Amino acid sequence: MTSRLFCGVGELVTCDKTAGDESLLGLIHDAAFVVEQGRVAWVGHACGAPAADERVELGGRAVVPGFVDSHTHMVFAGERSAEFSARMAGERYTGGGIATTVAATRSASDEELRENAARLCAEAARSGTTTVEIKSGYGLTTHDERRLLAIARSFTSETTFLGAHIVPPEYAHDRDAYLDLVCGEMLTACAPYARWVDVFCETGAFGEDETVRVLSAGIGAGLMPRLHANQLGPGAGVAIAVEFGAASVDHCVYLTDDDLEALSTSATVATLLPAADFSTRGPFADGRRLLDAGATVALATDCNPGSSYTTSMPFVIALAVHQMGMTPAEALLAATAGGAQALRRDDIGRIAVGCRADFAVLDAPSYVYLAYRPGVPLVSATWRDGERVAR
Ligand SMILES: [Zn+2]
């Protein structure tokens with residue numbers, strides 16, 4: 001059994017409130033930590049570090065937990081730069097372009113889909129992400145949804161069945177028949193490859209009763225609920241998510257006081273997707289209001305070819321600080337421990353004894369630089385399960 005000591009850590013962000021300065025981020029300056037068998041075995045001040053078989057000197061750099069990107073749609077084919085251009089020339093985002101990606105995805109081979117997802121996962125790792133969630137939702141036939149989830153499964157255990165992404169064009173005049181399919185044969189075929197069930201609960205996608213129906217069926221098949229809601233306008237999505245005990249409700253741009261109250265008194269995490277708000281020129285979700293109300297907030301990329309084509313969690317952190325009223329500490333916590341909570345995981349999102357040794361080394365003296373130097377590639381190395389996976 002080989003142990004490895006990481007030393008010369010100028011600033012260690014543990015996201016463990018019982019560690020270091022006992023602040024939100026549990027900061028330790030002049031820190032070190034030991035990794036054994038892919039897990040964190042010791043954390044503390046460098047002066048008290050135990051002996052180890054190997055030593056990695058980090059030269060005063062800051063180390064943060066690997067980012068937990070709890071909301072992506074990384075298995076797809078094609079791209080939508082023309083739609084993006086049109087939107088930037090004044091067209092409004094409605095979610096209608098999803099059908100374009102569905103058509104491209106259905107006609108792509110498994111190999112093309114796998115290569116595209118691998119490229120995006122590698123890109124995410126280079127910017128410090130160590131865990132991704134991946135949804136289906138661009139197949140929308142039993143065969144295609146199952147194959148998307150099987151491909152997603154080869155990259156992550158956090159896979160989500162999103163057959164209720166939109167009603168595909170061939171069912172445009174028979175929504176009920178599509179819902180029968182999603183809650184029946186498609187769910188049965190997909191459930192073995194998924195951990196979660198999700199619905200795009202929004203005007204133009206799926207309504208209140210339809211959302212309840214799909215979540216209930218998913219739970220019946222052994223999946224855990226999460227939801228896309230309140231992105232493009234107010235709606236019942238947040239209330240439904242809380243009622244179903246969803247791990248997370250994602251977007252949360254349009255929230256009433258009742259929604260806020262429901263989120264702040266439940267275990268449902270509000271996952272904010274600032275890169276989607278940015279890329280659609282929509283209003284930004286009000287992170288400050290949610291945090292002040294006592295809600296738990298996560299940040300994720302929503303990586304998809306239509307409304308948020310980025311894999312960069314540092315970019316998301318910078319947007320949350322600059323546009324959502326969050327402090328750099330709150331944004332980093334939301335991108336790590338918050339994402340872990342949105343996936344109901346306690347082995348990731350922190351650098352603490354027993355957790356997976358997932359972390360990013362920054363070419364900066366402090367985590368604050370993630371927001372202070374937006375757009376700059378600050379991640380010098382990413383480690384997952386104690387192994388270097390990028391740079
Ligand atoms: Zn999404």
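**Exercise 1. Start from one residue.** List the residues in contact with Leu-332, leaving aside its neighbours within four places in sequence.

*Solution.* This is a predicted model. Step 1: take contact to mean C-beta atoms within 7 Å. Step 2: read off the partners of Leu-332, which are Val-13, Leu-25, Val-64, Ile-317, Tyr-367 and Leu-370.

**Exercise 2. Place that residue in a core.** Which residues of the largest nonpolar core touch the most other members, and where does this core lie with respect to domain 1 and domain 2?

*Solution.* Step 1: the largest nonpolar core has 130 residues. Step 2: Phe-33, Leu-299, Ile-317, Ala-320, Ala-331 and Leu-332 touch the most other members. Step 3: both domain 1 and domain 2 give residues to this core, so it lies between them.

**Exercise 3. Describe the two domains and their contact.** Find the bounds of each domain, the separation of their centres, and the residues in contact.

*Solution.* Step 1: the domain assignment puts 3-65 and 349-390 in domain 1, and 67-342 in domain 2. Step 2: the centres of the two domains, taken over C-alpha atoms, are 29 Å apart. Step 3: domain 1 brings 22 residues into contact with 23 residues of domain 2. Step 4: on the domain 1 side, at least two residues each come from strand E5 (62-65), helix H14 (369-372), strand E17 (379-384) and strand E18 (387-390). Step 5: E17 gives the most, with three residues. Step 6: sort the residues of this side by type, and they divide into 16 nonpolar, three polar and three charged.

**Exercise 4. Trace a hairpin.** How do strands E2 and E3 run, and how many bridges join them?

*Solution.* Step 1: E2 covers residues 27-36 and E3 covers residues 39-45. Step 2: the strands run antiparallel, joined by six bridges. Step 3: for one of the pairs, take Ala-31, whose bridge partner in E3 is His-45. Step 4: two residues sit between E2 and E3, which form a hairpin. Step 5: look at the turn, where Gln-37 has a positive phi of about 50°.

**Exercise 5. Step back to the whole chain.** What radius of gyration does the protein chain have, and what would a compact globule have?

*Solution.* Step 1: count the elements, 14 helices and 18 strands. Step 2: for 391 residues, a compact globule would have a radius of gyration near 21 Å. Step 3: the chain has 21 Å, which agrees. Step 4: the C-alpha atoms fill a box of roughly 70 × 45 × 45 Å along the principal axes. Step 5: 55% of the 391 residues count as buried. Step 6: take contacts between residues at least 6 apart in sequence; 70% of these join residues at least 24 apart.

Definitions and conventions
Residues are numbered from 1 along each chain as its sequence is written. This is a predicted model: local features need pLDDT of at least 70, side-chain atom pairs count only at pLDDT 80 or more; totals for chains, interfaces and linings use all residues. Domain bounds come from an automatic or database domain assignment. Helices (H or I, at least four residues) and strands (E, at least two) are DSSP runs, numbered from the N terminus. Ala, Val, Leu, Ile, Met, Phe, Trp, Tyr, Cys and Pro count as nonpolar, Asp, Glu, Lys and Arg as charged, and the others, Gly among them, as polar. The radius of gyration is taken over C-alpha atoms; the globule rule is 2.2 Å times the number of residues to the power 0.38. A residue is buried if 20 or more other C-beta atoms lie within 10 Å of its own, exposed if 12 or fewer, and partly exposed in between; C-beta atoms are placed from the backbone. Two strands pair if DSSP finds at least two bridges between them. A nonpolar core is a set of buried Ala, Val, Leu, Ile, Met, Phe, Trp, Tyr and Cys residues joined through C-beta atoms within 7 Å.
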